[in-house]
Amino acid sequence: MRLEYFDMIDTVTTFDPSQKRIATRSTVPSAGASPVFEGHFPGHPLVPGVLLTETMAQASGYLLLALNGLTQMPFLMMVDKARFRTFVEPDAVLDVSAELIHEGSGYAATKAKVTIDGKPICDADLRFRLMPFPADMRELMETRIAAIGLEPVRN
Amino acid sequence: MSATFETVAGIISETCDIPREKITPQSHAIDDLGIDSLAFLDIAFAIDKAFGIKLPLEQWTQEVNEGKAPAEQYFVLENLCQRIDDLVAAKKA
């Protein structure tokens, strides 16, 4: 993870198009490796809940991109039932998964969660607006999904 | 009033915090009820789930934007409910 660059997902471990699920893994930076921990909190480094939400959103976003073959860009539009059950400290290895709950016209809904060694850390229901790619964002996403080892469905 | 309208009105009231008595079959979702596009996606999600359908919002929006259909055709609630009934019937057929 590179928190300050919003690169929240390190690698894709499984992508199952038939089940519309993705499993990913990310390692939280060490305390001295990210300025985020200088403020949250001094002497007591914890990953902010808002960044855990972003992590779940990115796993969901990659799932949607892979399922639609990068034809539309998902933008987070709603966070519902978010629960943060345990603190996340530096160097933690996060298993971040997401599944598609509903594919609507112009939007999609997912359920996402983070676990560490099988222990629930956080979870949320997320919804995304699906829109045409702005400017050169599609190329950026192509590069990013290749970097995390995701092979999208190509129609 | 139809069961479909009652369900849709309930969804709109709960989703957008609009008093139920202000929602009538003649209400225009955007012009009369002030529902914005984000809130309408929220409503669409609830309608999709309630009726087991997929409202073709992208198609409707495109038709309205291109002048091929008036917005009232889809966004006045009695018309919206008719579309929902049509989609439910098509799914059953």
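Trainee: How many of the residues in chain B are buried?

Mentor: A residue is called buried if 20 or more other C-beta atoms lie within 10 Å of its own, exposed if 12 or fewer, and partly exposed in between, with C-beta atoms placed from the backbone. In chain B, 26% of the 93 residues are buried. For chain A, 35% of the 155 residues count as buried. Keep in mind that this is a predicted model, in which local features need pLDDT of at least 70 and side-chain atom pairs count only at pLDDT 80 or more, while totals for chains, interfaces and linings use all residues. Residues are numbered from 1 along each chain as its sequence is written, and chains are lettered from A and ligands numbered from 1 in the order in which they are written.

Trainee: Which elements make up chain B?

Mentor: Helices (H or I, at least four residues) and strands (E, at least two) are DSSP runs, numbered from the N terminus. Chain B has 5 helices and 0 strands. Its radius of gyration is 12 Å, close to the 12 Å from the globule rule for 93 residues, so chain B is as compact as a globular protein of that length. That radius is taken over C-alpha atoms, and the rule is 2.2 Å times the number of residues to the power 0.38.

Trainee: And what are the elements of chain A, in order?

Mentor: From the N terminus on, they run β-β-α-α-β-β-β-β-α. The C-alpha trace of chain A spans about 50 × 30 × 25 Å along its principal axes.

Trainee: How do I read the strand order of the sheet?

Mentor: Strands of a sheet pair through backbone hydrogen bonds, either parallel or antiparallel. Here, two strands pair if DSSP finds at least two bridges between them. In chain A, 6 strands form an open sheet in the order 1-2-4-5-6-3, with antiparallel pairing. Strand 1 (11–16) and strand 3 (73–84) of chain A stand at the edges with a single partner strand each, so one side of each has no neighbour in the sheet. From one strand to the next, the twist averages 20°.

Trainee: How many bridges join strand 5 of chain A to strand 6 of chain A?

Mentor: There are 10 bridges between these antiparallel strands. I116(A) stands opposite K119(A) in strand 6 of chain A. The hairpin of strand 5 and strand 6 of chain A has 2 residues between the strands, and D117(A) takes a positive phi near 50° there. Strand 3 and strand 6 of chain A pair over 9 bridges, also in the antiparallel sense, with M73(A) and M131(A) as bridge partners.

Trainee: Which residues touch the most other members of the largest nonpolar core?

Mentor: A nonpolar core is a set of buried Ala, Val, Leu, Ile, Met, Phe, Trp, Tyr and Cys residues joined through C-beta atoms within 7 Å. The largest one has 55 residues, and M56(A) and A59(A) touch the most other members. Helix 2 of chain A gives the most to this core, with 10 residues. Contact means that the C-beta atoms of two residues, placed from the backbone, lie within 7 Å. Leaving aside neighbours within four places in sequence, M56(A) has contacts that include V96(A), A112(A) and L126(A).

Trainee: Finally, how many residues does each chain bring to the contact between chain A and chain B?

Mentor: Chain A gives 10 residues and chain B gives 12 residues. Strand 3, strand 5 and strand 6 of chain A each supply at least two residues of the side that touches chain B.

Conventions: Axes are lines fitted to C-alpha atoms, for helices over the stretch in contact, and angles run from 0 to 180 degrees between N-to-C directions.
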